[in-house]
Amino acid sequence: MSAVIPLHRCAPLGPGDRVGSFVLVEPLGTGGMGEVFLAEHESLGRRVAIKILHAEHRHNARMHERFAREARIAGRVVHENVVAVTELHALPDGRPYMVMEYVDGVDVCEHAADGLSLVELVSLGTQIAEALNAAHRAGVVHRDLKPSNILVTDDGRIKLLDFGVARVTHGENDRLTQTGQVLATPSYMSPEQATGEPVDARSDLYSLGVILWELAVGARPFEGRSFGEWVLLHATHEPLAPSRAERRLVSGEIPEALDAAILRCLAKRPEDRFASAAELREALAAIVGPPVLAEPAARERRWPLIVAGVAAFVAVLGLSAAARHVSKAIGPSPARVSPPSATSAAAPMEFDPVEIAPAAASSFAPTIVKQTHPAKRRPAVPARVREERVREERVREERVREERVREDRTPPAHDDGELPATAIKDPFAP
């Protein structure tokens, strides 16, 4: 145990006071170990929450050590649903303080006071289970899970905080929280906590079951008047299913699956509860539909493949339509020998380049048309008939030419004294 820190002065703190690089803005709340302030970084303007050990504990070395231990434990649980602890320092009077992520939200029961839909209730439950799963994987049992330690932001995201009585299951000498001590809120503690027995991660699941029961109904499953009565209720009294409660906070009917999940969390023996927070999360997610969050990374990897496949299919259809359109425009293509395809499905993909990109008109030789339509060939014309047609054509052309010369030599009437058009066209004409 560390030595007691000698302190000569311990002035109360309030808005406007400076703590390290931060300036206190307003108090946010107080607890058994310390008080929490909203603070702002003096240069960056970043807002944080600062928790400072109570002045009454300034001479208590054990409380100093417990406070530092809370900061270390909270700092090892990194998750989006857990409040992040970033710094641990001491004031000039010796009291320790920790700098935490500031969360603008209300506790989970206050958030649900006006009622919840089944989907909203399941969303809150799965997020809390996610936060507990992160803590348990880091070897931390929270041991004080209650609504005031679960904040909900405006967008419905939960934040788990206050690891003041948390227990580390491995990797640290946990002499400050020995078996036999009852460090929990009586209305939410598990039966093994109430009787001072060893606890593990399943104790947190019991506390979460009490919270889920309260969110669904609007009241706790048990109501004790003293610590001893709370111990007796948690250890021996069987809770009702939420759907059978006289009142209800969640809108609509409560499905049997939700009843079963909550009652399993509230089992008296730890081995009868869910084996892990991850298992509870999956059970809650399945209530409102398939577990859509089970494999998000795999689903994200499949989307590009699906899109690429659809694009390729559309491209093939486009090429097929273009080929048919061009084929109709230019007529049948010349007969050609094609190698046999491996499968009938692949045959439409073997396009002739001439059909996709037609060549210039000069490239279509007359022989192609004659070979393509042999039945429509015109009969050959005898040589004598051809010569006679040529003579008739020449005579006709000669007559037309003489008629034009005759018309050109006839001068039109001109009243304005200008030369006739023939004089301009042929000045040497008689």
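What is the handedness of the crossing of helix 3 and helix 8? The crossing is left-handed, a term used when the near helix is turned anticlockwise from the far one by less than a right angle, right-handed being the clockwise case.

This is a predicted model, in which local features need pLDDT of at least 70 and side-chain atom pairs count only at pLDDT 80 or more, whereas totals for chains, interfaces and linings use all residues. Residues are numbered from 1 along each chain as its sequence is written, and side-chain values use heavy atoms, with hydrogens and water left out.

**Helix 3 and its partners**

Helices (H or I, at least four residues) and strands (E, at least two) are DSSP runs, numbered from the N terminus. Helix 3, residues 118-137, has 20 residues and reaches 28 Å from its first C-alpha to its last, close to the expected 28 Å, where the expected span is 1.5 Å times one less than the number of residues. Of its 20 residues 14 are buried, so helix 3 is largely enclosed by the rest of the structure; buried means under 20% relative accessible area, exposed over 50%, and partly exposed in between, with a 1.4 Å probe and protein chains only. Helix 3 is followed by Gly139, whose phi is positive, near 80°.

The axes of helix 3 and helix 8 (residues 277-285) come within 8 Å and cross at roughly 165°, the axes being lines fitted to C-alpha atoms, for helices over the stretch in contact, with angles from 0 to 180 degrees between N-to-C directions. The two helices are therefore roughly antiparallel to each other, since angles under 35 degrees count as roughly parallel, over 145 as roughly antiparallel, 65 to 115 as roughly perpendicular and the rest as oblique. In contact terms (heavy atoms within 4.5 Å), helix 3 residues including Val122, Gly125, Ala129 and His136 meet helix 8 residues, among them Ala278, Arg281 and Leu284.

**Sheet and hairpin**

An open sheet of 3 strands has the order 7-9-10 with antiparallel pairing, two strands being paired if DSSP finds at least two bridges between them. Its edge strands, each pairing on one side only, are strand 7 (105-107) and strand 10 (158-160), and the twist averages 35° from one strand to the next. Strand 9 (residues 150-153) is joined to strand 10 by 3 bridges, and Leu151 has Lys159 in strand 10 as its bridge partner. Helix 3 packs on this sheet, touching strand 9 and strand 10, and its direction makes about 30° with that of strand 10.

Elsewhere, strand 5 (residues 85-90) and strand 6 (residues 96-101) pair in the antiparallel sense over 5 bridges, and Leu88 has Met98 in strand 6 as its bridge partner. These two strands form a hairpin with 5 residues between them, and Gly94 in the turn has a positive phi of about 100°.

**Loop residues**

Most residues other than glycine have a negative phi. Arg143 and Asp162 are tabulated here with their positive phi values.

| Residue | Phi | Loop | Relative accessible area |
|---|---|---|---|
| Arg143 | about 70° | between strand 8 (140-141) and strand 9 | 7%, buried |
| Asp162 | near 65° | between strand 10 and strand 11 (167-168) | 28%, partly exposed |

Pro270 lies in the loop between helix 7 (256-265) and helix 8. Leaving aside neighbours within four places in sequence, Pro270 is in contact with Glu192 and Arg202, while the C-alpha atoms of Pro270 and Tyr206, 64 residues apart along the chain, are separated by 8.3 Å.
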